[in-house]
Amino acid sequence: MFIRGLQDKFKVKSGLKFLKEEMDKPPKSIAREKGITSVGCIVDVDNFEKAESFYELIDEYALRPNAIKIIGYKREYDKNSPYAIQIFSDKDLGWKGQIENGYVLEFLGREYDMLINYYEEDNLMMKLLSVKTQARLKVGLGTQDAKVNDLILNTPLKDFKLFKSELKKYLKVLNEI
């Protein structure tokens, strides 16, 4: 038990080091045309239980039904419990900032026009996933690090309706929709 705790501590330390290095690098530019055709969402399911609400963006932006990919973060979860979306947790942290979860690898295997980082707390796992995800435009909430996101909306986590309307407004300003 002691060795496991020590190992976890070192994994977190190596993850933080990897995150710092990635955030200090200049952002990679994704060569995709303007317009939103694919959306990735990283959602803090501990604080926002209605992660399926992001599927409303399909109608909002006239997207294909499979254009939205949602992955949720839960501090601890039971793998046998059914969840409507794919979940990852702190247990999935590997060495050098790797996230060892099949759902995460599938999520990272795609390129997105827009990545929505829908979480407020400063969490290593969600930040690692945000930094590793390839997206042309990254959108987050006001409490997040500005190095992670291109567009930050100051809306409360619980008010999804306000987030949706603000996002639409700014995407129109940026000529994305």
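These are my notes on helix α5, two buried residues and the nonpolar cores of this model.

**Entry 1: helix α5**

A reminder to myself before I start: the model is predicted. I began with α5, which runs over residues 160-173 and has 14 residues. From first C-alpha to last I get 20 Å, close to the 20 Å expected at 1.5 Å a residue. Next I asked which residues of α5 are buried. They are F160, F163, K164, L167 and L171. I was pleased to see a lysine, K164, in that list. The buried residues sit on the same side of α5, because they cover an arc of only 100° around the axis. Turning to the other side of the helix, I found K161, K172 and V173 exposed.

What does the buried face pack against? I noted α2 (56-60) and three strands: β4 (111-118), β5 (134-141) and β6 (151-153). Just past the helix I looked at N175, which follows α5 and has a positive phi, near 60°.

**Entry 2: Y118**

I then moved to Y118, which is in strand β4. Buried or exposed? Y118 counts as buried, because its relative accessibility is 0% and the cut-off for buried is under 20%. Setting aside neighbours within four places in sequence, I listed its contacts: I42, V43, D44, F48, F54, L141, P156, L157, D159, F160 and F163. Two of these, F160 and F163, I had already met among the buried residues of α5. I also followed the Y118 side chain to the backbone oxygen of L157, which it reaches at 2.7 Å. For scale, I checked Y118 against S53: they are 65 residues apart in sequence, and their C-alpha atoms are 12 Å apart in space.

**Entry 3: Q144**

Where is Q144? I found it in the loop between β5 and β6. Despite its loop position, Q144 counts as buried, because its relative accessibility is 9%. A polar atom of its side chain lies 2.8 Å from the backbone oxygen of N117. Beyond four places in sequence, Q144 is in contact with N117, Y119, N149 and I152.

**Entry 4: the cores**

Last, I looked up the largest nonpolar core, which has 31 residues. Those with the most contacts inside it are F54, M114, I116, Y118, F163 and L167. At least two residues each come from β1 (39-44), α2, β2 (68-73), β4, β5, β6 and α5. Which element gives the most? My helix from the first entry, α5, does, with four residues. I also noted a second, separate core of 22 residues, which includes L19, M23, I42 and Y119.

Conventions. Residues numbered from 1 in each chain as written. Predicted model: local features only at pLDDT ≥ 70, side-chain atom pairs only at ≥ 80, totals over all residues. Heavy atoms only, no water. Expected span 1.5 Å × (residues − 1). Buried < 20%, exposed > 50% of the residue type's maximum accessible area, 1.4 Å probe, protein only. Arc of directions from axis to C-beta. Contact = heavy atoms within 4.5 Å. Polar contact = N/O pair within 3.5 Å; in protein donor to acceptor, adjacent residues only side chain to side chain. Core = buried A, V, L, I, M, F, W, Y, C linked by side-chain atoms within 4.5 Å.
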